[in-house]
Amino acid sequence: MVAIPSVTRTPMTRNRTAIWLLGIAIVLTILQYSGVLPAWLHRIPDAMIPPAAIWLDVFFNFVKDDLGLLKFTRFLTAGLENVLDTSGNIFYGKRRWPNLGPIPWTAIAGVAVVVGYYLGGWRLAVLGGGTFIWTALIGQWKIAMETMSVLVVAAPLAFVIGLSLGIAAWKYAWVDKTIKPVLSVLQTLPFFTYLLPAVIFFKVGPTAGAVATTIYAIPPMILMTTLGLQKVSPEVVEAGKMSGCSKFQMLRHVYIPSARTEILVGVNQVIMLCLAMVVLTAFIGMPGLGAKLLAMMGSFKLGRSFEIGVTIVLLAVTLDRMSKAWVVKQPEHFEKGTSWVNRHKTLVLAIAVFIGFTLLSFVLPIAGTIGRGQDFSQGKELDNLIKGFLAIDIVQSITYGIRYFLNVWILNPFRDFMLSIPTPAMIMVVAAFAVWLGGKREGVIAVIFFGLVALSGWWDRSIITLYSVLAAVSIAMLLGIPIGVLAARSDKWSQRVLLACDTAQTFPSFIYLIPAIMLFGITATAVVGSILIFAMVPLIRYTIEGLRTVPPEMTEAADMAGATRMQKLVNVQLPLALPTMAVGFNQAIMFAFFMVIIAAFIGTQDLGQELQRTLAGTDLGKNFVLGICVSLMALTFDLVIMKWAADKKKALGLP
Amino acid sequence: MKKMTTAFTAGVLALAPLAVLAQDSSDPIVIPIHNWSSQIVMSNVVGQILESAGNNVEYVTTDSQAVYESVRVGDVTMELEVWEGAFGASFRAALEKGGIIDVGDHNAVTREDWWYPMWTKDACPGLPDWEALNACAAVFATPETGGKGRYLDGPVDWLKHGQERVAALDMDFVVINAGSAAALWAEIGAAEADKKPVVVFNWTPNFAEAVWPGEFVEFPPHEEGCDTDPSVGVNPDALYDCGNPATGYLKKAAWDGMEAKWPAAYATLEAISFTNPQIAEMAKLVDIDEMEPEEAAEAWLEANPDVWGAWVN
C-alpha cells in the first residue's frame, strides 16, 4: 500500500528532470546550428582527450613482457596446439600425431544418426544424419571438419571453466560480486576485441581462434551454473546432509544433479556461441567454414556463400536440437543385474556403426572422403542464377530505389543530424532517456558511460555506430512488431512464427549478412539490412510472447466492455505486453551492437572499421579502447531498458 | 610421444634417398596466406615445390600486415609477397625490431594505387590527373555517398590510407573499404555492363590489366618521407599527400631462424623470383578461371617446369 504513491510520484519528478535535460540539449543544438556555439562545446578538443590507448599500451606491454604473461600464454599455447593438432588430425587429417584421421564422413554421419535417435527419435536422427550427408555431398566436408575440430576443443574448455567459475561464484559471495560486472562487460564487448589479444598472446591461427571462442562462450555457462545451483531446493540439500555427504559429495551427487537442467541449458548456449564465434574467427585466419564464407561473400559469389550458409545453419540447428533434447531427456535407470551391453545400447550401436563405416571406407574410398570434383555442389550455377536475377532491370530498379530512398531521405540525413549534435547535448539526450525510463541512478550511469565514450577520442565513430544501431532497430520495429501482432492473433501462426524465430536465433550471426549482401551488394544499405534482419528476430518473438501471455481475464473484460479488436489491442493487450516487448527491444539493441561491428567487413565508417583495422597491427591499447566504447553504449541501453521493464512488471503485477 | 617422434624420424629417414633436402628439419614450414589471389597461388606453388623436395609444409591464413610480427617471432616461416606500397612500412618496422630477414627481390616491378578501367575516361576526360578526377567526383557518386564520389579501397587490413589521402588532398570522395580483393573485381565487373565510371584500388602485376584495360590515377609523385613527415608533399600540414611509389619492389622475407633449420628450403626461397606476367597468370587462374588455389598451383607448376626447376637445383 505504501509503495503505490512512490510509484506514481517518482515519474513526475523524473519526467521533469528528463524534460530539463532534453531542453538544454535542444538549446545547445540550436546554438550549434546558428553557429554561435564555441567549438569546444561541440566536440571535446583533441588536446583535452587523455591518451588512454597509450597508457593502456604501456600497461599491456608491462604485463606482457615484464611480468612474463606472454611467456606464460605461449607455454599454454604449446599445450593447446597439441590438443588442436590431435583433433585436427582426427577430424580432417592434419598431418600430426596420432596420424589416424580423417574419420570417414560416413562414420560421422552414422554416429550422428544413432545419437540423434537416442536423444530425440527419428526426427533428430534424420536431422543429424542429413546434416552430415549434405555437408559431405556438397563438397564442404573438410572445411566443416576444420571448424568442428576447433569446436570440440573450445566448447568443453568453455564448459569446464564456466562450470568451475559458476560454482565458485555460487559458493563465495565475493567471487560473485567481482564476476558479475566483468561478465556484463564481457558480454557486450564486441567480438573483434577478443581477437587481437588472442592473436598476440596465443599465436596466429587455430590456437588464437580457439581461445577467443572459448572466452566468449564462458559467461553464459557461469550464469546458468550459478542460477541452477541457487535454485536447488533446501529439502534436497537436507537429505544430502542427513546421508552424511562430504562437501565434495554434496556438490557431485546433490547439487550438480539437481541443477542438471540449468547446467545443460548452459551447455547448449556454450555450444551455440562457440559455433557462432568459431565462424567469426575467420577474421584472424581460422580456416574452416567461416573463412570460406568470408572469402565467398567478399567476392560476391553468392551461390557458394549460400551453400556454405546452409551447411552452417544445418550444423547449428542439429547441435542446438540435440543439446536441447539432452536437456529434456531424463537419466535412464535400469534394474539391478541388467547387463553392461543392455545398459549401454546406444554406445555399443554407435561404436558398431563407426567401425562398420570405417572398414567400408577402406574398401570403398568414396565412403571415406569425397574428392575434388566428386561433389554435387551447384555453387557456380547458383552464383550465376543469383547474379542474373539481380541484373534484371526491375529487380535492379527496386533495390536501387530502396537504396536511394533509404540513404538520401532517411539514413544520411539522420546520421548527419546525429553527428551535428554537440557532444554535451548528445550526452544529455541519452541521460534524459535514461532518467525518464529508468530513474536517477540510470541517468547518472548514462552520463558517466557516455562521458567516457566522449573522452575516448572516438566520439564521431561511436555516434556513427549508435546511428546504425538506432536506424536499423527502428526499421526493425516498424516491420517486426506488426508481424508479431498479426501472428499473435492465432495459435497456429504464433507457434509457427515462434518456431521460425527460435530456429533463426540459433543461426550464427554471420549468416545474416548473406541475404543483405544478396539484395544490396557491398554497400552501407546492406549493413543496415543485415542488422535489421538480425534485430527483427527477438522483436517478433517477444511481441508474440508478450501478447500471448496477457492474462485472459483482461482480454475478456475488454471484450465484455464491447471493445473493438483495435481498441482491445491498443488499450489492453499492448500495454500489458510492453514489459515483455521491452526485453525483446533490449535484445534487438544488443544484437544490433554486435552485428554493426561485424558488418564492418562490408565497409562501414564506424568503430567496427577501426576495430577491424587494429587486427592488422599490435595496438592492444587502441583495440581495447574501441571495444570499451561499444560496450559502454550497449550497457547503458541494457541497464535502462531492463530497469524499466522490471519496474513496469512490478507496477502491473505481472510475474 | 617419444616413440612417435622416433617413428616419425625413421619415416623421414627412410624417405631420405628420395629427398634432396634430407638435412632440413621435419617440422612444418609455415607459409602465410592472405586475401589476394596471386599471393595465395604463389604460396601454394612454393609450398608444393618445397613439399616435392621433401619438406613438410603448412599454410596459415593471416592478416597481411600482422604477418611481419608473426614472421619475426617464428610463428610463420616466410612471406612471399612483400609489396613496397602496401607493406613496406610494416616490413621495415619488423626489420628494425629484428627476427626477420630480407631474402631479396622478385623480378617483378609493382605499383599500387587508385585505378580506373578505360571506359571511365569517357565520363571524366581529364584523367589520369588526380585534380581532374576530383573535379568530376560527382560522376562516381552512389546513393550511399551523397554528392561525393565513391572510391573503393582495398580491404582495411591493407592499410592503404585512402581516407588520409582524401583528407590531405581535400578531395570530394568517400573511401569505402572492400571486404576482399575479389570485391574489387566484382565492382569493376558490375560496372562493365553499362560502362559505369568507377575508381577502385588496383595494382600491377595483376590479371586485371589483361581483362579490363585501365590506368592508374596520377597523384602527386611519391616522395621519400611523404608518409612520415607532414612537410613533405603538396600539403605542408598532412601526411599521405602523394601517390604510392610508381616502381615499387616485391620482396621475399623469412624468419631469421629459417636458414639454420631448413637450409635447403631457404636456398630455394633465395632462388625464387617471379616476373610480372607470371604473377598476373597465377592470379588469373583463380580470379577468372575460378580454380581452387591448390588446383591453380598444380596447373601452374605443370605448365612451367623449366621456370621452377631451376630454383630447386
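1. In this predicted model, strand β6 (residues 149-153) of chain B and strand β8 (residues 199-204) of chain B pair in the parallel sense, over two bridges. One residue pair illustrates the register: L152(B) has V200(B) in β8(B) as its bridge partner. As general background, strands of a sheet pair through backbone hydrogen bonds, either parallel or antiparallel.

2. The two strands just described belong to an open sheet of five strands in chain B, whose order is β7-β6-β8-β5-β9 and whose pairing is mixed. Its edges are formed by β7 and β9 (214-216) of chain B, each of which pairs on one side only. From one strand to the next, the twist averages 40°.

3. A further open sheet of chain B consists of three strands in the order β3-β10-β4, with antiparallel pairing. Here the edge strands are β3 and β4 (100-105) of chain B, and each pairs on one side only. Neighbouring strands of this sheet are turned against each other by 30° on average, direction ignored.

4. The pairings within the three-strand sheet can be followed residue by residue. Strand β3 (residues 78-83) of chain B is joined to strand β10 (residues 250-255) of chain B by four bridges, and the two run antiparallel. Within this pairing, E79(B) stands opposite A253(B) in β10(B). On the other pairing, β4(B) and β10(B) are likewise antiparallel, over four bridges, and I100(B) stands opposite W255(B) in β10(B). Although β3 of chain B is an edge strand, the strand is mostly covered, with six of its six residues buried.

5. Turning to chain B as a whole, the chain has 14 helices and ten strands. Its C-alpha atoms fill a box of roughly 70 × 40 × 35 Å along the principal axes. The radius of gyration of chain B is 22 Å, which agrees with the value near 20 Å that a compact globule of 313 residues would have. Of these 313 residues, 50% count as buried. Among the contacts in chain B with a separation of 6 or more, residues 24 or more positions apart account for 71%.

6. The domain assignment divides chain B into domain 1 (26-109 + 248-312) and domain 2 (111-216). Domain 1 is thus given as two segments of the chain, and domain 2 as one. The C-alpha centres of domain 1 of chain B and domain 2 of chain B lie 28 Å apart.

7. Where do the two domains of chain B meet, and which elements take part? On the side of domain 1 of chain B, 19 residues are in contact with 17 residues of domain 2 of chain B. The elements giving two or more residues to this side of domain 1 are α2 (37-52), α4 (84-97) and α12 (276-287) of chain B. The largest share, six residues, comes from α12(B). By class, this side of domain 1 has eight nonpolar, eight polar and three charged residues.

8. Chain B also touches chain A: 25 residues of chain B are in contact with 33 residues of chain A. On the side of chain B, the elements that give two or more residues are β2 (57-61), α3 (67-72), β7 (173-177) and α8 (181-193) of chain B. Among the contributors, α8(B) gives the most, with three residues. This side of chain B has eleven nonpolar, eight polar and six charged residues. One of the contributing elements, β7 of chain B, is also an edge strand of the five-strand sheet.

9. Chain A is divided into domain 1 (104-137 + 343-374), domain 2 (143-331) and domain 3 (392-425 + 458-652). The C-alpha centres of domain 1 of chain A and domain 2 of chain A are 25 Å apart. Ten residues of domain 1 of chain A are in contact with eleven residues of domain 2 of chain A. The side of domain 1 of chain A that touches domain 2 of chain A divides into five nonpolar, five polar and no charged residues.

10. A final point concerns a single residue of chain A. Is F72(A) buried or exposed? F72(A) lies in helix α4 (residues 69-92) of chain A. F72(A) has 11 other C-beta atoms within 10 Å and is therefore exposed, since a residue counts as exposed at 12 or fewer. The C-alpha atoms of F72(A) and Y400(A), 328 residues apart along the chain, are separated by 54 Å.

Definitions and conventions. Residues numbered from 1 in each chain as written. Chains lettered and ligands numbered in written order. Predicted model: local features only at pLDDT ≥ 70, side-chain atom pairs only at ≥ 80, totals over all residues. Domains from an automatic or database assignment. Contact = placed C-beta atoms within 7 Å. Nonpolar A, V, L, I, M, F, W, Y, C, P; charged D, E, K, R; others polar. Buried ≥ 20, exposed ≤ 12 C-beta atoms within 10 Å, placed from the backbone. Rg over C-alpha atoms; globule rule 2.2 N^0.38 Å. Pairing = 2+ DSSP bridges. Axes fitted to C-alpha atoms, helices over the stretch in contact; angles between N-to-C directions.
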